[in-house]
Amino acid sequence: MLELFFIGVSSFIIALSGAMMPGPLFAVTVSETPRRGILTGPILVTGHGVLELVLLFLIISGVGNFLQMKETFIAVAFIGAVFLFFTGLSMFRSIPKLSLNNNINMQTKGSLFLSGILLSLANPYWSFWWATIGIGYLVQAMEIGAFGIAIFFLGHIMGDLAWYSSVSFGIYKGKKFLSDSLYKKMVFICSLILIGFSFYFVYTGIRKLKDFL
């Protein structure tokens, strides 16, 4: 019982600390919450969590070594960079039309659930985390059995959910204090974050490629 408690709590804390670091998922949560509502963060994390659940089963099935390959990191870095760049560019181009008082913005196209999946897949450090820390935790959890694995995953996803729900809640409740000008500046900064990460992923991919060659 003590081992289960340790796995659950430590998994929650590590996931929470990782989620609190600014990244693509955070940028989209901040930019979309005023238009999509208070459930933006939880829906994004649901997509993220479903993907992680699938990956968890794949790792147990033996694909952990594939995630640890440098070729995998390089491929994800370059593909993810392209996705983040065009996502950020699209966000940037939408800025002139943004308005918190425009009902059209409440009908924004695109699935938040799918975005949660794609933003996670686009991040090479997400797969790297699972190939290193994630596998390490799984080894400990698997010694306890299926219940240990379930507690590990529950703690992990609750850490992500706690942070992104808090972010969406804070932004949504503060929406009445936001002006269109401030909102546009927020989206502008978020678009720069995504584009910045795209260039960073290209850099890390090239660096790994040089090491590989």
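1. Ser-11 counts as buried because its relative accessibility is 3%, the cut-off for that class being under 20%. The residue sits in helix α1, which spans residues 2-19. The structure under review is a predicted model, and the remarks below should be read with that in mind.

2. The side chain of Ser-11 has a polar partner in the backbone: one of its polar atoms lies 3.0 Å from the backbone nitrogen of His-156. Once neighbours within four places in sequence are set aside, Ser-11 is in contact with Phe-6, Tyr-137, Phe-152, Gly-155 and His-156.

3. Ser-11 also belongs to the lining of the largest cavity. How many cavities of 30 Å³ or more does the structure hold? There is one, and the volume of the largest cavity is about 30 Å³.

4. Besides Ser-11, the residues lining the largest cavity are Ile-14, Ala-15, Trp-129, Tyr-137, Phe-152 and His-156. Tyr-137, Phe-152 and His-156 are also among the contacts of Ser-11. By class, five of the lining residues are nonpolar and two are polar, with no charged residue present.

5. Which helices supply at least two residues each to this lining? They are α1, α6 (124-144) and α7 (146-173). The largest share, three residues, is contributed by α1.

6. Helix α5 covers residues 112-121, and its buried residues are Leu-112, Gly-116, Ile-117, Leu-119 and Ser-120. A residue three or four places along an α-helix points the same way, because there are 3.6 residues a turn. Leu-112 and Gly-116 are both in the buried set, as are Gly-116 and Ser-120.

7. The packing partners of the buried residues of α5 are α2 (24-36), α3 (40-68), α4 (70-94) and α6. Helix α6 thus appears in two places in this note: as a partner of α5 and as a supplier of cavity lining.

8. At the start of α5 there is a contact from side chain to backbone: a side-chain oxygen of Ser-111 comes to within 3.3 Å of the backbone nitrogen of Phe-113.

9. On confidence, the protein chain has a mean pLDDT of 87, with 95% of its residues at 70 or more. Confidence is highest in α5, at a mean of 94, and lowest in α6, at 84. Residues 103-107 have a pLDDT below 50, and in the model this stretch makes seven contacts beyond near neighbours in sequence.

Note on methods. Residues numbered from 1 in each chain as written. Predicted model: local features only at pLDDT ≥ 70, side-chain atom pairs only at ≥ 80, totals over all residues. Heavy atoms only, no water. 1 Å grid on protein atoms, 1.4 Å probe; cavity = no way out; pocket = protein on both sides within 12 Å on 5 of 7 lines; lining within 4 Å. Points joined across faces, edges and corners; volume = space filled by probe spheres on them. Helix = DSSP H or I, 4+ residues; strand = E, 2+ residues; numbered from the N terminus. Nonpolar A, V, L, I, M, F, W, Y, C, P; charged D, E, K, R; others polar. Buried < 20%, exposed > 50% of the residue type's maximum accessible area, 1.4 Å probe, protein only. Contact = heavy atoms within 4.5 Å. Polar contact = N/O pair within 3.5 Å; in protein donor to acceptor, adjacent residues only side chain to side chain. pLDDT = per-residue confidence, 0-100.
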